[in-house]
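Me: I am new to this structure and would like a close look at one helix and the parts around it. Could you go through that part carefully, and then place it in the wider picture?

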Amino acid sequence: MFEANTFSKSDLGLTMDIFLILLTCFAYIFILVAYSAKIVKYARMPIHLRWELFTATKTEKKPYHHGLTAFEAQPFQSSRWRLSNVWSFLKEYLWFHSYLSHDKTYWCFLYIAHIGFVSLIIFQAVCIATALGTFLAHDQTITAERATGSLVALRILLAIISFAAGIIGNIGLMVYRISHRDLRLYTPPLTFIGYCISICTCLIGFILLLTNDPHFSGYVLFFVGMFQIKPIAVSGLLGLFIFLNMLHLIYLPFTPGFHYVTRFFAFFNVLWDTRPNQKGSPVEKAIGQVMGKKITWSAPHIKSGQTWEQAAKHRS
Amino acid sequence: MRIEDISKKSDQIIKIRQSDLLPLPYPYNNPEKDTAMRELSSDQRERYEASLDGVIGVGIQRPSSKAEEELFIHKFLSGLAKLFEKENNWTFLHPLYHSLEYCVKCQICNDSCPAYIASGRKEIYRPTYRPEVLRRIVDKYIKKKNRASLKLTGSDIELNWTLIARLGELAYRCTLCRKCTQACPLGIDNGLISHEIRKVFSQEMGIAPKELHEQGTVQQLKVGSSTGINPRALENIIEFMENDIEEKIGRKIKIPVDKKGAEILLLHNAGEFMSWPENTEAFAIIFDAAGIDWTLSSETVGYDAVNYGVWYDDIQLARVATRQAEIARNLGVKKINVGECGHAHKAMIVVADRVLTGDLNIPRESALPILRDIVVGDKIKLDSSRNNFPITLHDPCNMVRLMGIVEPQREILKKICPQFLEMEPHGVDNYCCGGGSGFAIMQSMNFPDWRSAVSGRIKLKQILEVFQDTISPDVKKYVCAPCSNCKGQIRDLLNYYNVWDECGIFYGGLAELIVNAMIDLEKPFIEWEWH
Ligand code: SF4
Ligand code: SF4
């Protein structure tokens, strides 16, 4: 059983533990700031020209639309149409519908890898919640028993699922991407590095679970120490696990992984954005603003420095 | 080939071989019946960039000096930077940013692309190829990422004249059909990337296919129509149409022009006046019979629905749409209805909705629901047995996938065409005719061959497949294409493969079929004469 108490480590060990706490704080803050910045960027995107696409009406079973006018009450705007859009969106979120119908092998590894990733996040959340509970109990006698007492079964279950799925899914994706020319050609080294980090994290997590810390209480205690601003000694293996896990978090904003959020904007704010420009509407107001912006395009048929409105009325 | 090969000097990146192309059904399953694409002359190759695929669509001239070459690169980069500025590109900044940043390169969109599949999956036509090249250029030359970051993100690419010129041509190997966008679970719009590259070339570098720019939007704004028809010529055309109608149906119809306060200003693609006057005549006959209060305009730009700006230049798009709306406003019509022209539908009704403000914001809609109401509502007497021949429907991408107008044309055909057959796939899942985004009117050098042999090949396959049971030329068959550009492309496609003679497959619009079914007509309106 894991024993966590006061420090009796070398200076180097202490430095490493402090480093891990700092890295963990940095990783969480970094991912929060990076993703918030991306959300703000998207939310502040200017209005765009209408560029919708009728993706959610694909199947023959659904009745097709009648015709479009920007002004009449549009059948497209009906709640049924909106619902069918939301449904098609959920299908992609929940079971990656397009991948499933297109390439079952790819889907299989992708889905398993995502199960691993999501479980790892929940696993961390459970560990943090347990640690927070311990910390808030104002009990300074930290024992492994107290730390492992609550939610332990869930924690172990999540750890097993995330590590197993992470290893199978990421190895599968890596092999699949390497063995298919059309995927290999377009996959940057960073993606393979991501797979490797995930696989290593999960492997080490598994080894920890099997040999060193079957309840992952060391990880919980690490967070307790973090909340107390008093580093608690962690084993070398756990240190490596924490390091790789945080590295993975820092890595994420550099990948297209945030499409889970941005695609929401892409579908609802672009591809399904059929809001007409009605008099007095927010759309009209937004158009008024952008039409007043000055252009600096410099082709011979464009007068640089004109506003969009002036350019639109310019004839020659 | 590797992605970065686009900047390596070579004779030609890919060669389009007949044997690589998507096989066609009977009677074109015999390769001898397939038509080989024309080779460029050495003079053409010397003067223009042709090292992408041996095809010239844009016609980018080679630089005559080092300074010219450098200016070309400089202009490209300054235009590319402007694509990411709110002031210069509010029009498409959001989808552009998303499409460049968040594609995970899963390639499931690939099977949707007509050019990629029909070419035998040539790498450069892959829907993700263009965006990947552009992403690398943006990372290295606009975001100026450091060396390590470029290596990690696989963004190292050498920017030179060859790459830019090839990319300019490559932007015109995508029909902007956006079928790949429809397939993408992440909402990535690879068609839009082609559109944005075209914009850099047009709006900053002053380069665009002449059929779209000089003879297209510029001529339309100056003369009145991209066809060159000026208001005087229009008068003659209308007189001709009135006489032709009288000859065909045995009574005179006065085509209303510049009628103040009419309910509808009908905008036709002026190409119809020149190539298929029977379509505009059919509209006049139907509207007259149904008692619709409508008018044409004789004002410059007011009689041509086209707006090629939607394919390559946002400023030109805004200019044409604004002029058309001004004309409608001055006439005091209640609304604008767009005739059988797909891109004009999309440009005027949808895209321009965020350009037209104040009193220019006039209701605009498709003419198809009006035709549907007339036919389905029995406002004119029709006899479906007059259309008793095999008919299939081509879905113009702009009307269908991009606007959701799917049902009116079907309701009409089901009512008046007893042998109506659907192609597969159809509706919002349709394949482009291969002439989308301006291709149908681009006649430069061997480009028309490419759009018949490659981008239109899947459409030909669909047409042949749907008529396989009656493929003999003895049975006359009809491809209904309710879009002027699609009609032009299908005409060229059928011509290229001699399909009229080999299989008896004809093409035409939707309104013609309605008039053909009118019971008070003594002789058939559709004349089955190849043109
Ligand atoms: S555009 Fe979409 S479907 Fe195509 S590769 Fe990118 S993410 Fe995949
Ligand atoms: S828009 Fe159409 S032609 Fe262009 S890449 Fe996508 S599928 Fe291919």
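Reply: In this predicted model, helix H18 of chain B covers residues 368-376, and its buried residues are B:Leu368, B:Pro369, B:Ile370, B:Leu371, B:Ile374 and B:Val375. These buried residues pack against several other elements of chain B, among them the strands E1 (264-267), E3 (335-338) and E4 (364-366). Three helices of chain B also take part in this packing, namely H14 (277-290), H19 (407-416) and H24 (511-516). Beyond the end of H18 in chain B comes B:Asp378, a residue with a positive phi, near 55°.

Two of the helices that H18 packs against, H14 and H24 of chain B, can be followed further. Helix H14 of chain B contains B:Glu281, a residue that counts as buried because its relative accessibility is 0%, and buried means under 20%. Setting aside the residues within four places of it in sequence, B:Glu281 is in contact with B:Phe240, B:Met241, B:Asp244, B:Ile245, B:Lys248 and B:Phe525.

The segment that comes after H24 of chain B holds B:Lys523, which is partly exposed because its relative accessible area of 41% falls between the 20% limit for buried and the 50% limit for exposed. When neighbours within four places in sequence are left out, B:Lys523 is in contact with B:Glu247 and B:Lys248, and B:Lys248 is also one of the residues in contact with B:Glu281. The C-alpha atom of B:Lys523 lies 7.6 Å from that of B:Ile249, although these two residues are 274 residues apart along the chain.

A further helix of chain B, H22, runs over residues 484-496 and includes B:Ile490. With a relative accessible area of 0%, B:Ile490 is buried, and it touches B:His394, B:Cys433, B:Ile463, B:Val479, B:Ala481 and B:Tyr507 when residues up to four places away in sequence are not counted. Between B:Ile490 and B:Cys480 there are 9.9 Å from C-alpha to C-alpha, with a sequence separation of 10 residues.

Chain B also supplies residues around the ligands. Ligand 1 is surrounded by 13 residues, of which the closest are B:Cys103, B:Cys106, B:Gln107, B:Cys109 and B:Cys184, and the classes in this shell are nine nonpolar, three polar and one charged. Around ligand 2 there are residues including B:Cys113, B:Pro114, B:Pro127 and B:Arg130, as well as a run from B:Cys174 through B:Thr175, B:Leu176 and B:Cys177 to B:Arg178. B:Cys180 and B:Gly191 also belong to the residues around ligand 2, and the shell as a whole divides into seven nonpolar, two polar and two charged residues. The space that ligand 2 takes up is the second largest cavity.

For the wider picture, chain A has 13 helices and zero strands, so that, by the way elements are assigned from DSSP runs, its order from the N terminus on is given by α elements throughout. Of the 316 residues in chain A, 48% count as buried, and among its contacts with a separation of 6 or more, 71% join residues that are 24 or more positions apart. Chain A is divided into two parts, domain 1 (17-46 + 84-265) and domain 2 (281-316), and the C-alpha centres of these two domains are 46 Å apart.

Key:
Residues are numbered from 1 along each chain as its sequence is written. Chains are lettered from A and ligands numbered from 1 in the order in which they are written. This is a predicted model: local features need pLDDT of at least 70, side-chain atom pairs count only at pLDDT 80 or more; totals for chains, interfaces and linings use all residues. Side-chain values use heavy atoms; hydrogens and water are left out. Domain bounds come from an automatic or database domain assignment. A residue is near a molecule or strand if one of its heavy atoms lies within 4 Å of it. On a 1 Å grid over the protein atoms alone, a cavity is a set of points where a 1.4 Å probe fits but cannot get out, and a pocket is an open set with protein on both sides within 12 Å along at least five of seven lines; lining residues have an atom within 4 Å of a point. A molecule sits in a cavity or pocket if more than half of its atoms lie within 2 Å of its grid points. Ala, Val, Leu, Ile, Met, Phe, Trp, Tyr, Cys and Pro count as nonpolar, Asp, Glu, Lys and Arg as charged, and the others, Gly among them, as polar. Buried means under 20% relative accessible area, exposed over 50%, partly exposed in between (1.4 Å probe, protein chains only). Helices (H or I, at least four residues) and strands (E, at least two) are DSSP runs, numbered from the N terminus. Contact means heavy atoms within 4.5 Å.
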